[in-house]
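Grab your favourite viewer and work through these exercises. Try each task before you read its solution.

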Amino acid sequence: MRTFPSPEVLRRQLPAGAADGAIILGTLVLLAGVAHVGAGAFEQFQPPAVVPRIDLDPRNLPYYALRSTLRMFIALAFSTLFTLVYGYVAAKSRWAERILIPLLDILQSVPVLGFLSITVTGFIALFPGSLLGLEAASIFAIFTSQVWNMTFSFYQSLRTLPQELVEAATLYRLSGWQRFTQLEVPAAMVGLVWNAMMSFGGGWFFVAASEAISVLNQEYTLPGLGSYVEAAIQAEDLPKLGWALLTMVVVILLVDQLFWRPLVAWSDRFRLEQSAGAATPESWLYDLLTTARIPRLIGRRLAPLAERVDQLLAYLTRPRWVDPPNPEAERRRERLLTQLSWLTIGGLGAWIVYFVATTVGLGEVMLAFGLGILTLLRVSGLLVLATVIWTPIGVAIGFNPGLAKLLQPLVQFLAAFPANFLFPFATLFFIRAQISLDWGSILLMSLGAQWYILFNSIAGAQSIPTDLREMAMNLGLKGWKLWQKLIIPGIFSAWVTGGITASGGAWNASIVSEVVTWGSTTLKATGLGAYIAEATAAGDWPRITLGIGMMSLFVVGINRFFWRRLYQLAEEKYHL
Amino acid sequence: MSSAASPVLIEVEKVYKRFPLPEGKGEFTVLSQIDLQVRAGEVLALLGRSGSGKSTLLRIMAGLIPPSEGRVLSNGRPLRGPNPDVAMVFQSFALLPWLTVQENVELGLKAQGIPREIRRQKALKAIDLVGLDGFENAYPKELSGGMKQRVGFARAFVLEPKLLFMDEPFSALDVLTAENLRGEIDELWNTQAFPSQSILIVTHNIEEAVFLADRVVILGSKPGRIRGEVKIDLPRPHERTDPRFKSLVDYIYEIMTNPEIPVTSEVAAPSPVSPRAPSPYALPLPHARVGGISGLLELIVEWPQGRVEIAELAERLQLAVDDLLPILDAAVLLGFAEVSGRVVQLTEIGQDFANTTILRSKDLFRQQLLARVPVFKSILQTLEEKNSRSMRADFFLDLWDEHFPPDEAERQFATAIDWGRYAELFEYDASEDRLYLPEPSESPPAQ
């Protein structure tokens, strides 16, 4: 925390006047950009006659990039709002918690891409005649890819507030609003920003996938970077793909510098540890904003108004003392809830039986299950490969602080980079080398997923205390012995975290990795992802439902029976 | 300063606090039949060892948790919800790290809806009072521990509460800082400049209690109950050099180390005798590691005849009572030492234990354990009855769970494991969570 600017800041500082100028200019550019791009959302759209077309001229790329970025930020805004409400309710009410948290657990395991078909049709019906429907469907896809992580993080922070802070807030009679703004949100801020940043990175994948899709035998195109790539693939135009790739790199870097860096630097003040941290995150833009006078002036002008609003909201949420619940009523509610949940489970079970019997039939279910096993094998193979290749590299990087500092941003960037931008290059390679997509799709899935393993291996290796490493060196531990005794136990927790993320990402990616096209050539793998993709394209509702349901079942089952157990083991035995 | 004529600010009537044990196994009593009054103008200390429920009592009086039975009267009216007359200073400060010193101090005023300008002025005054002017715009993480607690005091002072509650306010600070801050708070109280009418402080530090308080209420453990109170009849400020100061401290040490002796003072409250359950798992083990016990014995044996005053021992070790007493209790339980009055004396076995080799000391420890702590015999019997000569740890944990809340049951279990392992009575495999009888071998293990 800097109350007084640190010497480095003072040296780099622009004069306040220049900083103010930069801020005014920046704000104007931002507003103009949003206005220009936002208008595009209301374009005419009357399928199949009037559909927006993608112009492959690279000069249009900045415009398309802005369109995609705007979608990302709208989704982020909705995600934040949803997080605050859902997380708050789940943490505050014991009864809501018992429904909302398991639900969240299931929702985050559902393959988002499989749902696109359902949401697209729904949203188009909601906004007839304008692109807004497609726009909303795309934003919704991004939203569902970002939001669960953030919500879990917020809920966790609320549940683990330091006891004494809560007592102080109660004794000093903070109103609900004051508690929320002064205690709960700030305490959750660091985790929230970090998770939002990570999820935002993952979101680029869904922008690319949701802008150009074919649903129910219809091609839907939404102007943006993703649809530009799609059009370039159709035209078999490699140089254009290169331009799109470059644009994506620039956009990710810009968003990082202009949005996430300042946000991370700002949120550092909300760290709960009371001692001064060793390394405070820095951002030139944040320094600029704190140097300039305009933001402060505006802040001071608005202070009385903010105070008024604050007092009003505080008044509306005065603390009320709730008498401790009557244990008899409590038990009755408990019974009711148990009965209700059994009823729901029973109802769902009955519906599933009915659905299978009347539409797809048992044979189709077995087929989908078999395809699920194939995809599961691919995901597992990917995890093993990524672990064998990237863990040693990650550990080597993590043990070398200089290298880690240099490479970590790069790995973070790679994790955020949407792998589906690279798919066409890989597809071309598969066609030329005549590699079956049954194997190739493993590579496609790993293009996105492997970085989580690398990233977490680095973090895990860094978390191994130096004295333990010195001890190992002193005892002469080397090679496999060193891995067995120190490194594997030391990075295990981090590896599990990476594995969960990578596995979830890979399942989602299977829907776009098991069917790929280059121009008029289509490669297809046998698997559940391809099954869903084909059912979606054909508009075969029963099969879409079956495919998504089966994949959700696989993901939830593997999380429960595999990852959850490893996680527990990591917590209990290998906690450093 | 206090007298019977001063108005009663807060009154605790027949308060019990029980927490349910898991799976409907009944309840665990934390506080039993508490009657207590705090009058205007007095400093009252609640002194007790860990597990005496002193912090729980403080929180019940602050209205942060409701009692299971009985009631708290504040200004003669039954308390419902947070007590508006109380401001509290917390052990680990409870400052919001994202607010400046001034914003932290203003927090309670803001909650009352007091306008900005008045808030600012009051806060500045309170910050000035605790000697932090110049730090209004600093963030807590820029401050040292002592300064953070000063902010904690300012935040309480600014509300001008009738009662100031302190929950071990100096125990997170290093010795010198604590001493300094304690002195300043006492001085502030003595000069009548204090912003509240009474102070209630929870502590396990005997000297601190005698130094600050007019009245020291002593709590007993398991269940927490009031054993009695000691009036500190010294002129303020209480000088440590006063011989009467030392004798009061010694007297309280004696009470604290001997749970049976009655507290004889003007207002001695009856201490209900808790019925002892027949199960060997009901007898609480003091939480002391074997290393701590043998370390203590080796220290005491250095004194002539293995006799030393407990207060002197504590001072020599620089240990708080809370840390010393469990070790002492364990030594007494095992028959290595005896406490009479304010003196601890090693027994013959204790002297032997302190002087002998490690192998022999293990034998002694095992012998005493089996002779004097019934739970170990019971565990051994269970293990011997099994063909596999082993048993799931859960089985034993459940037995403790019958008598203790889950956390405490786990601590009991951990202590038993520590002692039993040292005595080589049984082995514990953490990964399988099982207890084993050791392999029978004629000779002691090599090396």
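**Exercise 1.** Work out which way H3(A) crosses H6(A), then describe how the two helices pack.

*Solution.* Start with the hand: H3(A) passes H6(A) in a right-handed crossing. This comes from a predicted model, like everything below. Next, the geometry: helix H3 covers residues 61-92 of chain A and helix H6 covers residues 132-159 of chain A, and they pack at an angle of about 35° with their axes 7 Å apart. Finally, sort the contact residues by class: you should get 19 nonpolar, 6 polar and 2 charged.

**Exercise 2.** Find how many residues chain B and chain A each bring to their contact, and see which elements of chain B take part.

*Solution.* Count each side first: chain B puts in 26 residues and chain A puts in 28 residues. Now look at the chain B side and keep the elements that give two or more residues; that leaves strand S6 (86-89) and helix H2 (101-111) of chain B. H2(B) gives the most, with 4 residues. Last, split this side of chain B by class, and out come 16 nonpolar, 5 polar and 5 charged residues.

**Exercise 3.** Place the two domains of chain B and describe the contact that joins them.

*Solution.* Begin with the bounds: the domain assignment puts domain 1 of chain B at 8-257 and domain 2 of chain B at 290-436. Taken over C-alpha atoms, their centres are 34 Å apart. For the contact, domain 1 of chain B supplies 16 residues and domain 2 of chain B supplies 15 residues. On the domain 1 side, helix H7 (residues 243-257) of chain B has the largest share, at 6 residues. That side of domain 1 of chain B breaks down into 8 nonpolar, 4 polar and 4 charged residues.

**Exercise 4.** Is Asn75(B) buried, exposed or partly exposed, and why?

*Solution.* Locate the residue first: Asn75(B) sits in the loop between strand S4 (69-74) and strand S5 (77-78) of chain B. Then count: Asn75(B) is partly exposed because it has 14 C-beta neighbours inside 10 Å, and buried would take 20 or more, exposed 12 or fewer. One more thing to check is Val8(B), which lies 67 residues away along the chain, yet its C-alpha atom is 7.2 Å from that of Asn75(B).

**Exercise 5.** Which residues of helix H14 (residues 393-401) of chain B are buried, and what covers them?

*Solution.* Run the burial count along the helix and you get Phe396(B), Leu399(B), Trp400(B) and Asp401(B). The cover over the buried residues of H14(B) includes helix H13 (374-385), helix H15 (406-422) and strand S16 (434-436) of chain B.

Notes. Residues are numbered from 1 along each chain as its sequence is written. Chains are lettered from A and ligands numbered from 1 in the order in which they are written. This is a predicted model: local features need pLDDT of at least 70, side-chain atom pairs count only at pLDDT 80 or more; totals for chains, interfaces and linings use all residues. Two residues are in contact if their C-beta atoms, placed from the backbone, lie within 7 Å. Ala, Val, Leu, Ile, Met, Phe, Trp, Tyr, Cys and Pro count as nonpolar, Asp, Glu, Lys and Arg as charged, and the others, Gly among them, as polar. Domain bounds come from an automatic or database domain assignment. Axes are lines fitted to C-alpha atoms, for helices over the stretch in contact, and angles run from 0 to 180 degrees between N-to-C directions. A crossing is left-handed if the near helix is turned anticlockwise from the far one by less than a right angle, and right-handed if clockwise.
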